[in-house]
Amino acid sequence: MAKKAEEKGFTPTGVVYQSTKLPKPTSKTHDKLGLKKKDLLNLYESMYRQRRFEERAAQMYQKGKFGGFLHLYIGQEAISTGVVQALNDDDDLITAYRDHGFALARGASSDECMAELFGKATGISSGKGGSMHYFKLEKHFWGGHAIVGAHIPLGAGLAFANKYNGNDRVAVCFFGDGAVDQGSLNETFNMAQLWKLPVIFVVENNGYSMGTAVERHSAGDLHKRADAYGMKNDIVNGMDVFTIIDKFTEVAKDVRKNQNPWFLEVRTYRYRGHSMSDPGNYRTKEELDEFKQTDPIERLKTYVSEKKLVKDDEIEEITSRINQEVLDAIDFAEESDFPEPEALFHDVYAENDFPFVK
Amino acid sequence: MAELQFREAIRAAMVEEMRRDESVFLMGEEVAEYDGAYKVSQGMLEEFGFRRVIDTPISELGFSGIGVGAAMNGLRPIVEFMTFNFAVVGIDQIINNAAKLRYMSGGQIMIPIVFRGPNASAGQLGATHSVAYEALYGHIPGLKVVYPSEPGDAKGLLKTAIRDDNPVIFLESEQMYGLKGEVSDEEDFTIPFGVAKVKREGNDVTIVAHGKMYHVAQQAAKELAKDGIEAEIVDPRTIKPFDMKTVIESVKKTNRCVIVDETHPFCGIAAEVGFQLQRDAFDYLDAPIQRVTVPDVPAPFAKNLFDLWLPGPKQVIEAVNAVTYRS
Amino acid sequence: MAIVIDMPKLSDTMEEGVISKWNVKEGDKVKSGDIIAEVETDKATMDVEVYDDGVVLKIVAKEGDAVPLGKAMAIIGEEGEDISDLLDGDGGDASGGEKAEKKPKKDEEKDEDAEKAGDDGEDDEDEDEDVDDGKAKESGKKDGDNGKDKDAGKTAKKSGDKSDDGKKGKEKKDFDPLFGDLNGDEKTKDAKAKTDSGDDRVKVSPLARKMAEEQGISLSDVKGSGPQGRIVKKDIEEFDKDAAKSSKSAKPAAPAADMIPSGESKELKVSQMRKAIARRLAESKFTSPHFYETIDIDMKRAIEARGALNELSEVKISFNDFVVKACAAALRRHPAINSSWMGDKIVQHGDVHVAVAVAIDDGLITPVIKHTDKKGLAQISRETKDLAGRARDKKLQPDEFEGSTFTISNLGMFGIEEFTAIINPPNAAILAVGTIRDVPVVENGMVVPGKRMKVTLSSDHRVVDGASAAEFMNSVRNFLENPTTMLL
């Protein structure tokens with residue numbers, strides 16, 4: 001948006017932003033990537049589940065069914081889905097507060113995810129975390145972190161433990177473009193490279209740090225920060241699930257084999273506001289519409305139907321099944337109990353009889 | 001009983017636990033090749049190698065967080081801060097991640113980590129290097145806080161801290177590292193958290209003192225004894241959990257209490273102990289509780305000002321005189 | 001099935017939204033995710049999106065209309081669908097819409113929740129948001145502050161209400177037993193006396209206060225050696241040693257005499273009995289709803305009968321014995337009066353045990369004549385005299401003044417014409433008996449001298465109603481007016 005260019009100030013202004021530019025997607029076909037028909041349907045199902053879950057979550061939020069924050073991942077589903085496809089199930093994932101998609105992609109149920117939004121005991125974090133703090137350790141999903149950049153060292157720590165134990169697992173640490181500006185990133189990059197930690201740092205550059213366009217908050221290309229530490233890095237198209245699968249398969253292989261970190265800048269776009277009360281007046285409708293043309297779910301649907309890989313009714317079946325699954329999840333969440341009052345004092349410490357000061 | 005220096009007692013605890021449990025490792029600034037800024041980790045690199053004794057860059061935020069991440073993923077890190085004054089740079093990792101992730105994950109995440117290093121003032125080091133942090137960490141649910149005063153306690157409590165499944169803040173003192181004391185020879189000697197120790201018995205006044213201030217209290221008690229005042233000294237040893245029971249028992253006997261505390265007065269340890277005493281031992285008090293703390297100002301550099309700032313036996317004796325109605 | 005699109009909550013503080021633009025018109029097809037309208041909230045212009053596919057069947061609110069949160073903006077559904085249901089009456093109502101919606105089956109109750117949850121849930125959002133990212137949008141911040149203020153008010157009111165119903169009441173309740181338990185009325189008096197005297201407050205350490213209480217030392221007698229004269233442990237210990245005796249004898253009178261102008265009034269110690277009377281009767285009077293019925297009884301025949309009986313009997317039978325006997329017989333016939341209120345139930349007692357109030361020094365006591373209805377006048381008389389005598393000597397055993405089912409209080413011997421008595425718990429009634437008066441009565445058209453006695457029944461309305469009390473009273477009157485009937 002054109003701002004008063006003549007005004008003197010600090011943060012750059014006066015530019016009509018196109019907040020993020022997508023690099024070329026991979027040219028590899030599904031065959032080349034080793035994806036079977038079943039895989040393609042799974043990819044569609046995973047992405048559509050994340051999308052539909054969040055649409056209904058937004059609706060429930062607007063109906064006032066629950067409080068707190070709600071940051072939606074809509075538009076970015078190819079990343080969570082592609083990464084989960086590319087990595088091993090016991091590789092460790094950790095992300096920031098836009099975390100619903102990752103939990104669902106990693107196999108958390110719609111029920112437990114919806115119940116967490118409603119603050120119910122049956123929630124994925126027993127109602128103690130809320131939207132921003134989903135955890136599913138049995139699926140090697142480490143959360144759900146809401147202090148911007150504070151989980152970047154945690155990601156490196158997960159990798160540290162994996163290397164210490166020699167277990168061949170790779171840790172992937174996701175964060176938004178706003179987190180790149182935190183000191184924690186630079187300290188962690190330094191140590192990760194120095195100590196050769198098996199970790200992939202991923203900035204999901206969706207163009208905005210809350211309402212500040214990336215050009216206005218970060219000097220230089222994000223991925224180039226890694227150059228300062230001699231860390232391998234690249235830019236990836238985040239609107240195409242094949243590209244994500246392609247790149248992460250290659251990078252994970254390198255990390256596993258050579259025990260060195262990577263930094264990937266994945267260019268993507270969030271369709272929704274930063275949170276539910278964001279009118280989005282820092283960006284243009286045109287920009288939003290342009291990115292919606294690259295929608296990852298539509299893109300995959302078009303691919304499979306043009307190549308006649310699946311029948312229309314197979315997609316239909318998934319769509320309506322997921323629609324119902326998410327409605328059922330709302331019922332599940334509403335019918336579930338809130339945590340018992342005693343839960344207030346549980347899980348502060350490992351022991352539940354800690355002598356709290358009264 | 002062997003006589004060890006405070007630093008040797010801490011080292012012994014770490015070495016024993018690292019031999020016992022492969023998942024325990026030490027990291028921090030200068031812990032390996034330099035042999036420890038205060039020689040606490042001397043010789044450990046030689047025994048355990050670079051995999052388990054790890055020099056970090058000066059990146060408290062980064063390595064605190066890597067420690068927390070490693071603890072989440074099954075290891076039991078000991079993170080040494082050169083002093084806790086530097087831990088403030090990485091305190092987000094302690095307060096937001098170490099202390100809260102178990103709760104926010106509904107109990108899924110366990111973070112068995114020890115953050116240890118010297119705490120509080122150590123002579124004329126200026127304001128930023130002289131802060132006693134036990135009250136600040138004690139304020140945060142999810143953390144346990146330990147501040148031993150003697151080598152024997154230090155060893156037993158550090159071994160307990162390393163085995164604890166929660167994040168533990170283990171506070172030491174540069175000025176106490178050379179202090180010698182009896183350390184149990186007992187194999188696998190540990191001291192449970194939340195158990196205070198009456199270290200001097202007396203009937204006239206209870207002095208509650210921990211960490212470095214414990215020694216100030218002992219000096220004051222010696223002086224007071226010359227005047228026929230017998231002070232009972234209670235060393236809580238752990239700040240969180242805090243053993244109020246032992247303190248209250250002692251006050252029931254002596255009816256008077258002085259708390260000696262190196263934190264600042266507002267929201268300090270003495271404030272909390274004093275509150276609990278008035279609530280739970282009201283009918284046993286013969287005088288208002290007194291506290292001896294550093295004043296509500298940063299540490300000064302100038303020698304004369306610093307001496308005014310840091311509590312000594314004189315202030316403790318004055319406080320005891322006040323509660324025993326001796327002028 | 002048609003779906004009502006209601007005004008969504010698009011800002012944490014909005015109460016209504018103004019439709020600034022419709023992107024669709026009736027008949028248009030929409031699919032989930034389409035932006036169908038723009039709505040101006042209190043903060044910004046926001047998009048309204050649909051979450052289901054369908055055709056716009058009806059635009060309920062026009063551009064420029066202000067639609068309250070949760071009220072209908074539009075209806076979507078299948079082409080040609082009948083939506084008259086939704087348009088009738090409160091068709092625009094949110095719950096009506098929800099009812100119509102296809103899948104969320106239990107949406108009605110859900111929606112009620114939503115309305116309740118409405119404010120609570122989200123009002124914090126903006127302020128927290130600022131914390132979250134450490135940055136505040138200018139407008140967001142402003143509104144957030146407003147929201148905060150408003151919300152704070154709301155919260156305060158809410159919690160205020162709560163504490164009014166619950167906490168405050170509870171505190172009061174907790175408070176009394178606490179002081180009741182202190183068992184230290186005398187000591188409180190001491191301390192208070194000192195205060196009232198206009199002297200400085202007695203300063204005393206908590207420990208010294210407790211020691212003084214335990215040793216029965218009046219703090220006003222102790223000189224404090226601490227700062228500002230604070231009495232400390234040492235002072236009590238030394239006081240105990242040096243001056244315990246004199247203090248003890250001096251204690252009761254001296255402080256009282258000191259502070260009260262001579263000859264005017266004096267303070268009396270409250271005896272255990274007085275405390276019990278105070279407590280029990282206050283409790284009775286203030287918890288059981290009393291009502292009163294008075295009846296005038298012709299005592300002519302009773303007087304005649306008493307005269308005749310006393311010529312035969314060893315013990316002298318009093319009028320009161322007649323009343324006791326009459327009541328016992330009447331109670332047997334009217335079990336409703338011979339009852340107790342037990343909170344969640346009423347107990348009708350199987351036996352009749354009538355108590356008689358006896359005045360003694362500094363109070364009264366109500367010894368019980370057990371199985372009164374089974375005893376003759378002579379026995380009642382004997383037992384009453386025995387119990388009353390021992391009551392005055394304070395020699396009664398607890399079982400002799402406990403377990404009554406009804407009580408009689410007679411002040412006739414003092415010439416009291418009539419009075420009302422306070423029910424003796426757990427009885428349901430008490431009879432207050434006045435003196436026998438000489439009154440002119442009309443008999444067979446002639447004015448002749450008559451003997452009359454007024455009795456007043458106080459009843460606990462939780463147990464006894466007016467009519468049953470009246471029936472009981474008539475029985476009592478019949479017995480006394482025809483004394484031979486109660487001898488059966």
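**Group meeting: chains A, B and C of a predicted model**

In chain A, 77% of the contacts with a separation of 6 or more are made by residues 24 or more positions apart. I begin with that figure, and I should say at once that the model under discussion is a predicted one.

Let me stay with chain A for a moment. Its secondary structure consists of 11 helices and eight strands. The chain has 358 residues, and buried residues make up 56% of them.

One helix of chain A merits a closer look, namely H5(A), residues 152-165. Does its length agree with what is expected of a helix with 14 residues? At 1.5 Å a residue it should span 20 Å, and its end C-alpha atoms are 20 Å apart, so the two values agree. H5(A) is also mostly covered, with 13 of its 14 residues buried. Directly after H5(A) comes Gly166(A), which has a positive phi, near 60 degrees.

I turn now to the nonpolar cores. The largest of them has 218 residues. Which residues have the most contacts inside it? They are Ile200(A), together with Ile207(B), Ala217(B), Val258(B), Val260(B) and Val316(B). As for secondary structure elements, helix H1 of chain A, residues 37-62, contributes the largest share of this core, with nine residues. Another core lies apart from it and has 52 residues, including Ile297(C), Ala326(C), Val356(C) and Ala429(C).

Two residues of the largest core deserve individual mention. Setting aside neighbours within four places in sequence, Ala217(B) is in contact with Ile207(B), Ala209(B), Ile233(B), Val260(B) and Val316(B). Val260(B), for its part, belongs to strand E13 of chain B, residues 257-260. Why does Val260(B) count as buried? It has 28 C-beta neighbours inside 10 Å, and the threshold for a buried residue is 20 or more. Beyond four places in sequence, the residues that Val260(B) touches include Val208(B), Met213(B), Val216(B), Val292(B) and Pro311(B). Val260(B) and Ala270(B) are 10 residues apart in sequence, and their C-alpha atoms are 7.1 Å apart in space.

Next, the contacts between chains. Between chains A and B, 36 residues of chain A are in contact with 35 residues of chain B. On the chain B side, helices H3 (60-72), H5 (91-98) and H6 (101-104) each supply at least two residues. H3(B) gives the most to that side, with 10 residues. By residue class, the side of chain B that touches chain A divides into 18 polar, 14 nonpolar and three charged residues.

The contact between chains B and C takes eight residues from chain B and nine residues from chain C. Helix H7 of chain C, residues 206-215, gives the most to the chain C side, with four residues. That side divides into four nonpolar, three polar and two charged residues.

Finally, chain C contains an open sheet of six strands with mixed pairing, in the order E9-E18-E17-E16-E12-E15. Strands E9 (290-298) and E15 (368-369) stand at the edges with a single partner strand each, so one side of each is left without a neighbour in the sheet. Within the sheet, E17(C), residues 429-443, and E18(C), residues 446-460, pair in the antiparallel sense over 13 bridges. Val442(C) stands opposite Val447(C) of E18(C). Helix H15 of chain C, residues 466-481, packs on this sheet and touches E9, E17 and E18 of chain C. The direction of H15(C) makes about 25 degrees with that of E9(C).

How values were computed
Residues are numbered from 1 along each chain as its sequence is written. Chains are lettered from A and ligands numbered from 1 in the order in which they are written. This is a predicted model: local features need pLDDT of at least 70, side-chain atom pairs count only at pLDDT 80 or more; totals for chains, interfaces and linings use all residues. Two residues are in contact if their C-beta atoms, placed from the backbone, lie within 7 Å. Ala, Val, Leu, Ile, Met, Phe, Trp, Tyr, Cys and Pro count as nonpolar, Asp, Glu, Lys and Arg as charged, and the others, Gly among them, as polar. A residue is buried if 20 or more other C-beta atoms lie within 10 Å of its own, exposed if 12 or fewer, and partly exposed in between; C-beta atoms are placed from the backbone. Two strands pair if DSSP finds at least two bridges between them. Axes are lines fitted to C-alpha atoms, for helices over the stretch in contact, and angles run from 0 to 180 degrees between N-to-C directions. The expected span of a helix is 1.5 Å times one less than its number of residues. A nonpolar core is a set of buried Ala, Val, Leu, Ile, Met, Phe, Trp, Tyr and Cys residues joined through C-beta atoms within 7 Å.
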